[in-house]
Amino acid sequence: MFKRSFRSQDQTQSRVDKAVRLKKQGSSRDPAKVSKLQRSLTEHDPSSSSSMSAPSPIVTLTVGRDGRLFAAHEDVLRQSPFFEAACRGNFLDAQSRRIALPDEEPEVFSAVLEYLYKGDYYPRLLHNRQRNSWELEDQQQQQHQQAAVKTSPNPETTGGRAGASTEATVHLSSIGADILRDTVIYCAADRYGLEELKRLALRKQGLQAGIDVATILRSAQYAYAHTPDSDSRLRAHYLALIIRCRKTFKRSGTMQAEMEAGGSKLFFDLFVAMCNHLDDVIDVSNARTPRTV
């Protein structure tokens with residue numbers, strides 16, 4: 001009786017397995033469906049062999065007064081609305097696939113291109129898990145090296161703070177002076193329509209320290225000259241920086257000379273920001289102190 005029961009179970013299981021095999025064979029016999037599925041996978045899978053066989057064309061860019069050459073993939077450049085329009089033919093030489101950027105600084109464009117490929121530019125923004133804070137790449141090493149020097153900061157030359165990085169500034173041949181690098185990258189990102197790069201540059205600049213007063217003022221004026229009035233983020237950063245370090249700027253002869261020369265919207269905005277800051281302090285003081293009639 002037990003043998004008969006086992007045999008019936010085996011026969012039933014074999015019929016089920018056979019039906020499953022026939023079903024699988026029947027589903028694979030439709031070549032039209034298989035071909036359609038393969039085409040859809042090839043079209044949507046960027047790692048497929050057919051998509052790899054047709055890489056994005058290379059675009060040559062001549063940057064700066066000396067015409068320094070850069071090369072980049074067209075699909076990478078098209079992340080920027082500026083280069084999207086250029087690659088459509090507005091500025092692109094159809095024969096040589098070349099874009100000319102004579103007014104751009106090569107060092108600045110190199111950082112922009114690095115961001116387009118990697119999502120960041122040197123020095124990278126890193127998260128310090130121990131402190132739960134953000135810092136620039138190699139910042140700790142630079143701080144240790146500068147602490148070993150043990151030089152006293154000069155308010156006129158260092159803004160009253162130590163720790164300036166050698167990569168913090170870039171020399172602009174167009175104005176013949178050093179400007180904070182992140183400020184120039186921010187303004188370039190504004191021209192190229194890269195909002196995420198603007199936020200990244202602004203965040204990195206907030207981590208810089210030990211910048212001299214003259215460089216801060218030149219960079220602030222550069223920011224005012226190369227950003228629209230509708231974009232107040234970078235301008236507000238400089239206003240807040242000057243107010244926060246007002247004791248250093250008050251003692252600075254450079255600040256006095258710049259304000260006496262005038263001619264910049266920066267100083268009017270600074271005056272308004274200082275008045276607003278003073279009003280806020282007075283309002284807080286009045287709220288804490290009961291008024292007497």
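**Entry: a hairpin**

I began with strands β4 (residues 125-128) and β5 (residues 133-136). Four bridges join them, and they run antiparallel. This is a predicted model, so I kept the confidence scores at hand for later. Which residue of β5 stands opposite leucine 126? I found glutamate 135 there. I then followed the chain from one strand to the other. β4 and β5 form a hairpin, and four residues lie between them. In that turn I noted asparagine 132, whose phi is positive, about 55°.

**Entry: the core**

Next I looked up the nonpolar residues. The largest nonpolar core holds 58 residues. Which of them have the most contacts inside it? I wrote down Leu61, Phe109 and Leu197. I picked leucine 197 for a closer look and set aside its neighbours within four places in sequence. Its contacts are then Val112, Tyr115, Tyr121, Ile185 and Ala189.

**Entry: confidence**

I turned to the scores. The chain averages a pLDDT of 78, and 68% of the residues score at least 70. I then checked two stretches with low values. Over residues 1-8 the pLDDT is below 50, and this stretch has zero contacts in the model beyond near neighbours in sequence. Residues 149-164 also have a pLDDT below 50. Here I counted 38 contacts beyond near neighbours in sequence.

**Entry: cysteines**

How many disulfides does a search of the whole structure find? I got zero. I looked at two cysteines all the same. Cysteine 187 has a relative accessible area of 0%, so I list it as buried. Cysteine 245, at 13% relative accessibility, counts as buried too.

**Entry: salt bridges**

A search of the whole structure gave me 16 salt bridges. I took three of them in turn.

The side chains of arginine 97 and glutamate 74 meet in a salt bridge, 2.1 Å from N to O. Where do the two residues lie? Arginine 97 is in the loop between α5 (81-90) and β3 (98-101), and glutamate 74 is in helix α4 (residues 74-77). The pair therefore ties together parts that are 23 residues apart in sequence. Buried or exposed? I checked each partner. Glutamate 74 has a relative accessible area of 10% and is buried. Arginine 97 has 26% and is partly exposed, because the cut-off for buried is under 20%.

The second pair is aspartate 229 and arginine 235, whose side chains meet in a salt bridge at 2.9 Å, N to O. I noted the two partners separately. Aspartate 229 counts as exposed at 59% relative accessibility, whereas arginine 235 is buried at 5%.

The third pair is aspartate 269 and lysine 265, with their closest N and O atoms 3.0 Å apart. Which helix holds them? Both lie in α15 (residues 265-288), four residues apart, about one turn of the helix. I looked up accessibility here as well. Aspartate 269 is buried, with a relative accessible area of 15%. Lysine 265 counts as partly exposed at 44%.

Last, I looked for bridges with partners in common. Salt bridges that share partners join Glu74, Arg78, Glu84, Arg88 and Arg97 into one network. I recognised Glu74 and Arg97 from the 2.1 Å pair above.

Terms used:
Residues are numbered from 1 along each chain as its sequence is written. This is a predicted model: local features need pLDDT of at least 70, side-chain atom pairs count only at pLDDT 80 or more; totals for chains, interfaces and linings use all residues. Side-chain values use heavy atoms; hydrogens and water are left out. Two strands pair if DSSP finds at least two bridges between them. A nonpolar core is a set of buried Ala, Val, Leu, Ile, Met, Phe, Trp, Tyr and Cys residues joined through side-chain atoms within 4.5 Å. Buried means under 20% relative accessible area, exposed over 50%, partly exposed in between (1.4 Å probe, protein chains only). Contact means heavy atoms within 4.5 Å. pLDDT is the predictor's confidence in each residue, from 0 to 100. A disulfide is a pair of cysteine sulfur atoms within 2.5 Å. A salt bridge is a side-chain nitrogen of Lys or Arg within 4 Å of a carboxyl oxygen of Asp or Glu.
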